[in-house]
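Visitor: I should like to take a close look at a single part of this structure, one helix and its surroundings. Please describe how that part is set within the rest, and then what lies beyond.

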Amino acid sequence: MKKYLFPLVTIVATFVANAQEVNDALRYSQDNLTGTARFRAMSGAFGALGGDFSSLNVNPAGGAIFTTNQMAVTLSSINTKNKSDFFGTKTEDRENAFDLNQLGAIWVFENRNLESNWKKFSVGINYENANNFDNRQFSAGLNPQNSIANYFLNYANGIPLQNITGTPFEAMTFAEQQAYFGYNGFLINPSTNVGNNTAYVSNVPAGGNYFQENTVFESGYNGKISFNGAFQYTDKFYFGLNLNAHFTDYTRRTSFYEDYLDTPGSSPTTGVQSLRFNNELYTYGSGFSFQLGAIAKVTDELRLGLAYQSPTWMTLFDEGYQNIVVDCADCGAGIIDPGTIIIYPEYRLQTPGEYTGSFAYVFGDKGLISVDYTMKDYSSAKFRPNDSFFNTRNNEIESILDATSELRVGAEARAKQWSFRGGYRFEQSPYKNGRTVGDLHGFSAGLGYDFGGTRLDLAYAYSKRDFNQGFFSQGLVDAPTIEAINNNVSLTLLFSL
């Protein structure tokens with residue numbers, strides 16, 4: 001078998017590419033339930049409560065609920081397990097991560113003028129890892145009908161053969177690059193061997209029953225630093241503002257394998273016998289958002305909250321890399337590796353805003369119950385700039401994604417220095433079909449101990465969500481059903497400054 005290896009070079013793409021898709025918009029539009037252990041133990045139901053660093057991410061008015069200067073740091077252990085079912089073959093993979101996911105401080109200033117209705121104000125800064133992307137998925141099974149050759153065919157049909165064979169790889173469009181891999185890997189053939197040919201056919205054995213494996217490695221984070229300012233007006237009203245700086249760093253590596261040796265009518269010694277198609281995407285960037293919120297203490301026991309989260313305006317950069325390894329002993333294929341890292345042009349993403357209404361009832365020093373309800377319209381996410389490529393993507397987002405609601409319920413009981421907590425969380429699917437990404441269900445529990453000026457909190461949170469996403473966006477869209485289970489243990493140390 002001949003192997004072709006090329007030196008690695010970096011190319012800045014001057015064309016529109018296919019690195020940005022609906023899933024990319026969704027990735028940066030969703031926040032996982034992160035934060036302090038107390039917040040997580042109550043499933044994030046803190047919009048009308050405040051007084052917790054992570055509550056500021058729900059309702060910034062919560063900063064004015066603090067009565068003393070405080071600082072908190074949270075460590076988390078994250079375990080993600082993915083159970084896959086692909087045409088009846090069940091597999092499982094998991095990923096473990098350890099994270100410093102929260103660090104914050106707040107200062108409270110009392111108004112000494114007793115005649116003023118403005119009782120106090122607070123300023124705070126809080127860092128949270130809004131989403132930890134560390135994840136692994138593995139799916140395998142016998143596909144009865146579709147080969148990855150269909151992926152390359154979808155891109156190749158309509159492209160002149162001379163563009164595939166005579167254009168430098170770095171000057172090709174994304175579609176031409178995919179056709180290049182299919183053609184040079186002997187997975188597709190031109191209908192006629194002339195330069196202006198635009199029709200192609202599959203070169204893999206016919207008959208179906210293609211053994212396929214797909215491995216996905218994801219890593220990175222979506223972090224947020226919030227600068228909070230909040231005020232208390234009389235004894236009943238609290239108002240707050242957050243200015244948020246966002247930053248993201250995400251890597252996704254996929255390795256797809258297909259084997260034809262067990263395909264009816266194929267031969268183990270001639271033609272394409274197997275292939276491995278490797279893809280890597282690296283995304284990084286930053287953004288800005290703001291939040292407004294208010295809390296009303298209707299009575300000493302009853303509190304109501306209302307908050308608005310603006311869209312996040314992000315500037316992102318993508319880098320992509322691909323190669324393919326083909327086992328074809330009699331056709332000279334090997335490693336098809338152009339050795340090119342494609343750096344795509346800067347683009348922008350506007351994630352959807354959201355509204356949160358909250359209710360809490362406090363039973364004096366005995367405990368409390370709290371409910372948050374959030375609405376977010378994922379179909380309003382937008383890529384920029386306005387051009388034909390991104391307009392097409394935005395139309396897909398609008399037609400595929402949907403407005404959603406999220407319900408969070410939390411409770412806390414206190415006994416002397418001890419606190420016992422629990423919560424439930426439900427989040428609707430962001431997809432109109434309800435299947436590509438399913439509904440999320442989660443529950444949580446935890447406890448805390450108050451040493452006086454210091455408090456130690458521990459929480460456990462569980463969530464489950466089903467996914468039904470194809471290995472590729474076109475051509476080979478057969479999808480495994482993946483049950484994603486997340487287990488999180490968080491520990492927070494909080495102390496007065």
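Guide: The account below begins with helix α3 and moves outward from there. The model is a predicted one, and every value given here is computed from it.

Helix α3 spans residues 149–156, and six of its eight residues are buried, so the helix is largely enclosed by the rest of the structure. The buried positions are Ala149, Tyr151, Phe152, Leu153, Tyr155 and Ala156. Their packing partners include both helix and strand: α5 (174–184), β6 (188–190), β7 (200–202), β10 (274–297) and β12 (313–327). Just after α3 comes Gly158, with a positive phi of about 105°.

Two adjacent aromatic residues of the helix deserve individual attention. Tyr151 has a relative accessibility of 4% and therefore counts as buried, the limit being under 20%. Phe152 is likewise buried, at a relative accessible area of 0%. Across the structure, the count of aromatic pairs comes to 40. In the pair formed by Tyr151 and Phe152, the ring centres are 5.1 Å apart and the planes stand at 80°, so the arrangement is edge-to-face.

The helix also has a part in the largest nonpolar core. In soluble globular proteins, nonpolar side chains tend to be buried together. Here the largest such core has 36 residues, and Ile148, Phe152, Phe277 and Ile324 are those that touch the most other members. Two or more residues come to this core from each of α3, α4 (161–166), α5, β10 and β12. The greatest contribution is that of α3, which gives six residues. Ile148, one of the four residues with the most contacts to other members, touches Gln212, Phe256, Glu258, Tyr260, Leu275, Phe277, Phe472 and Leu476 when residues up to four places away in sequence are not counted. Another core, of 19 residues, lies apart from the largest one, and its members include Leu26, Phe133, Phe389 and Leu401.

Helix α5, which appears both among the packing partners of α3 and among the contributors to the largest core, is itself mostly covered, with eight of its eleven residues buried. These are Phe174, Glu176, Gln177, Gln178, Ala179, Tyr180, Phe181 and Gly182. After α5 comes Phe186, which has a positive phi near 60°.

A residue elsewhere in the model offers a point of comparison. Arg384 belongs to strand β18, residues 382–384. Its relative accessibility is 27%, and it therefore counts as partly exposed. The C-alpha atom of Arg384 is separated by 27 Å from that of Ile159, and the two residues are 225 apart along the chain. With neighbours within four places in sequence left aside, Arg384 is in contact with Tyr347, Arg348, Phe390 and Asn394.

The remaining topic is empty space. Rolling a probe the size of a water molecule over the atoms shows where such space is left. The structure holds three cavities of 30 Å³ or more. The largest cavity contains about 640 Å³ of space. Its lining consists of 37 residues, with Asp31, Asn32, Asn57, Glu354 and Lys376 nearest the centre. Strand β19 supplies the largest share of that lining, four residues. By class, the lining of the largest cavity is made up of ten nonpolar, 18 polar and nine charged residues.

The second largest cavity has a volume of about 90 Å³. Among the residues that line it are Asn32, Leu33, Arg40, Arg425, Phe443, Tyr462 and Asn486. Strands β21 and β22 are the elements that give two or more residues to this lining. The lining of the second largest cavity divides into four nonpolar, six polar and two charged residues.

As for the pockets, the second largest has a volume of about 720 Å³. It is lined by 35 residues, and the closest to its centre are Arg38, Gly51, Thr67, Arg414 and Arg455. The elements giving two or more residues to its lining are β19 (403–415), β20 (418–427), β21 (437–450), β22 (454–467) and β23 (481–496). In this lining there are twelve nonpolar, twelve polar and eleven charged residues.

Terms used. Residues numbered from 1 in each chain as written. Predicted model: local features only at pLDDT ≥ 70, side-chain atom pairs only at ≥ 80, totals over all residues. Heavy atoms only, no water. Buried < 20%, exposed > 50% of the residue type's maximum accessible area, 1.4 Å probe, protein only. Contact = heavy atoms within 4.5 Å. 1 Å grid on protein atoms, 1.4 Å probe; cavity = no way out; pocket = protein on both sides within 12 Å on 5 of 7 lines; lining within 4 Å. Points joined across faces, edges and corners; volume = space filled by probe spheres on them. Nonpolar A, V, L, I, M, F, W, Y, C, P; charged D, E, K, R; others polar. Phe/Tyr/Trp six-rings, centres within 6.5 Å; stacked < 30°, edge-to-face > 60°. Core = buried A, V, L, I, M, F, W, Y, C linked by side-chain atoms within 4.5 Å.
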